[in-house]
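Welcome! Take a moment to look over the sequence and turn the structure around before reading on. The report below walks through the places where its parts meet.

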Protein chains: 2
Amino acid sequence: MNLPAELESLVVHFGEMGSRWGFNRTVGQMFAVIVFSEAHLNADQIANLLGISRGNVSMGLKELQSWQLIRVHHKSGDRKDYFKPAGDIWELALQVLSERRKREVEPTLSILRGQLMNESSNDNFVSVKVEEIHNLLELFNSWFDDIHRMKPESLMTLLKLGSGVGKVLDLKHRISKKDVSQ
Amino acid sequence: MNLPAELESLVVHFGEMGSRWGFNRTVGQMFAVIVFSEAHLNADQIANLLGISRGNVSMGLKELQSWQLIRVHHKSGDRKDYFKPAGDIWELALQVLSERRKREVEPTLSILRGQLMNESSNDNFVSVKVEEIHNLLELFNSWFDDIHRMKPESLMTLLKLGSGVGKVLDLKHRISKKDVSQ
DNA sequence: TCGTGTTTTCAGAAATTTCTGAAAATTATA
DNA sequence: TATAATTTTCAGAAATTTCTGAAAACACGA
């Protein structure tokens with residue numbers, strides 16, 4: 001690795017975490033180097049900085065693009081592709097969550113829907129569990145859809161409030177009968 | 001695999017998803033077979049049902065216990081250990097999220113804290129990014145802590161409400177100056 | 001069209017992860 | 001304490017994932 005010392009430990013760490021976040025070590029390192037570099041980088045620079053092959057960089061960039069975490073940028077008079085993060089830290093975090101939901105819950109949800117469709121009886125143990133899991137995932141899914149559409153600042157307020165929301169809900173019940181959930 | 005047909009496809013799927021959920025294929029299958037079996041199972045039964053070695057089952061059970069997703073149960077007059085899910089579907093889901101936070105965000109958070117501690121200047125590009133990520137993860141972390149302590153039914157209400165919470169918050173601002181967030 | 005700079009692909013190599021099964025360790029019973 | 005039942009460990013084998021680098025494909029200007 002040919003990285004400035006200050007970056008090396010960060011990049012190594014993001015590599016180690018990479019697999020936990022849904023991609024592999026090299027892709028994690030590539031993402032880190034793109035996020036922490038002020039200048040946009042081209043594939044050769046990334047290969048040099050991380051000391052990996054050009055082919056590997058090409059594959060990694062494709063992966064990061066499929067996650068919509070990076071974007072191409074062109075410099076005039078330069079035929080190379082330069083890469084930059086696809087938004088600020090907040091947008092990147094939401095994007096990771098969004099992609100992970102797609103890859104981690106959608107497939108299970110469609111299997112479970114299938115099971116519920118073509119099962120004869122639905123009062124046996126397995127069916128009951130299938131339905132419980134299905135309902136939980138559907139609920140989570142629509143909640144995520146919903147909050148994903150919120151403006152960042154509203155979302156931030158919500159996060160800061162945390163379980164305090166429970167108290168606000170109580171307040172709502174005390175002072176109003178009107179249903180505000182729609 | 002020596003599974004009833006109805007279970008086979010579910011178990012295979014949970015195996016495929018396993019790695020995305022933080023463990024490996026076999027561990028995912030083991031978890032599925034434990035969750036979808038009404039009777040508590042012992043290690044030999046699991047090995048037989050899934051067609052894998054006894055040693056592998058032992059390692060997988062240890063993994064699932066480290067995630068606090070299964071618990072041991074003893075039958076009187078039987079020296080074997082029997083395993084059962086460590087709660088209902090709702091509790092299991094929260095437990096998965098909780099463990100994943102521990103494994104996926106805590107380590108990064110402590111690296112970032114370290115960076116912020118011993119860096120000389122803090123107005124360069126890297127420092128700014130480090131701080132942004134740090135703040136986001138801290139915020140997420142305390143939010144999660146917070147809602148994790150809520151009663152399931154309150155949590156469910158919150159999920160169902162989704163971004164409707166935003167409307168409730170507006171309502172709060174319109175009708176009250178009192179800070180209910182503490 | 002050709003030539004040059006660039007990116008992508010992919011077969012095989014390398015690295016990593018997972019799995020087996022026999023031996024060791026543990027635990028309960030008599 | 002000895003025996004038997006059970007679980008755990010772990011070295012090596014098997015399976016899977018990741019990486020390399022050369023060749024192919026692509027894109028643009030002349």
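## Where strand D meets the protein

Helix H4 (54-66) of chain A and helix H4 (54-66) of chain B each give at least two residues to the surface near DNA strand D. Keep in mind as you explore that this is a predicted model. Of the two chains' elements, H4(B) is the one to look for, as the largest share of the surface near strand D, 5 residues, comes from this helix.

Which residues come nearest to DNA strand D? Of the 17 residues around the strand, they are A:Thr26, A:Ser53, B:Ser58, B:Lys62 and B:Asp81. By class, the surface near strand D holds 3 nonpolar, 7 polar and 7 charged residues.

## Backbone and bases of strand D

Now look at the DNA side. Among the atoms of DNA strand D within 4 Å of the protein, 57% are part of sugar or phosphate, and the rest are part of bases.

Some individual contacts are worth finding on screen. A polar backbone atom of A:Ser53 lies 2.8 Å from a phosphate oxygen of strand D. From chain B, the side chain of B:Arg54 has an N or O atom 3.4 Å from a phosphate oxygen of strand D. The side chain of B:Arg79 reaches a base instead: one of its N or O atoms is 3.2 Å from a base nitrogen of strand D.

## Where strand C meets the protein

Turn next to the other strand named here. H4 of chain A and H4 of chain B each supply at least two residues of the surface near DNA strand C. Here the largest share, 5 residues, comes from H4(A).

There are 17 residues around DNA strand C, and those that come nearest are A:Lys62, A:Asp81, B:Thr26, B:Ser53 and B:Arg79. The surface near strand C divides into 3 nonpolar, 7 polar and 7 charged residues.

Of the strand C atoms within 4 Å of the protein, 62% belong to sugar or phosphate, with the rest in bases. Three phosphate contacts can be picked out. An N or O atom in the side chain of A:Lys62 is 3.0 Å from a phosphate oxygen of strand C. For A:Asp81, a polar backbone atom is 3.0 Å from a phosphate oxygen of strand C. On chain B, a polar backbone atom of B:Ser53 sits 2.9 Å from a phosphate oxygen of this strand.

## How the two chains meet

How many residues does each chain bring to the contact between chain B and chain A? Chain B gives 56 residues and chain A gives 56 residues. Together the chains bury about 5,500 Å² between them, with 76% of that area on carbon and sulfur atoms. On the chain B side, B:Ile89, B:Trp143 and B:Leu159 supply 11% of the area buried against chain A, more than any other three residues.

Polar links cross this interface too. There are 10 residue pairs in polar contact and 2 salt bridges. One of the salt bridges joins A:Arg100 to B:Glu104, whose closest N and O atoms are 3.1 Å apart.

Several helices of chain B give two or more residues to the side that touches chain A, including helix H1 (5-18), helix H5 (89-104) and helix H8 (152-161). H7(B) gives the most, with 11 residues. The residues on this side of chain B comprise 32 nonpolar, 12 polar and 12 charged.

Technical notes. Residues are numbered from 1 along each chain as its sequence is written. Chains are lettered from A and ligands numbered from 1 in the order in which they are written. This is a predicted model: local features need pLDDT of at least 70, side-chain atom pairs count only at pLDDT 80 or more; totals for chains, interfaces and linings use all residues. Side-chain values use heavy atoms; hydrogens and water are left out. Contact means heavy atoms within 4.5 Å. Buried area is the accessible area (1.4 Å probe) that two parts lose on being put together, summed over both. A salt bridge is a side-chain nitrogen of Lys or Arg within 4 Å of a carboxyl oxygen of Asp or Glu. A polar contact is a pair of N or O atoms within 3.5 Å; within protein, one must be able to donate a hydrogen and the other to accept it, and residues adjacent in sequence count only if both atoms are side-chain atoms. Helices (H or I, at least four residues) and strands (E, at least two) are DSSP runs, numbered from the N terminus. Ala, Val, Leu, Ile, Met, Phe, Trp, Tyr, Cys and Pro count as nonpolar, Asp, Glu, Lys and Arg as charged, and the others, Gly among them, as polar. A residue is near a molecule or strand if one of its heavy atoms lies within 4 Å of it.
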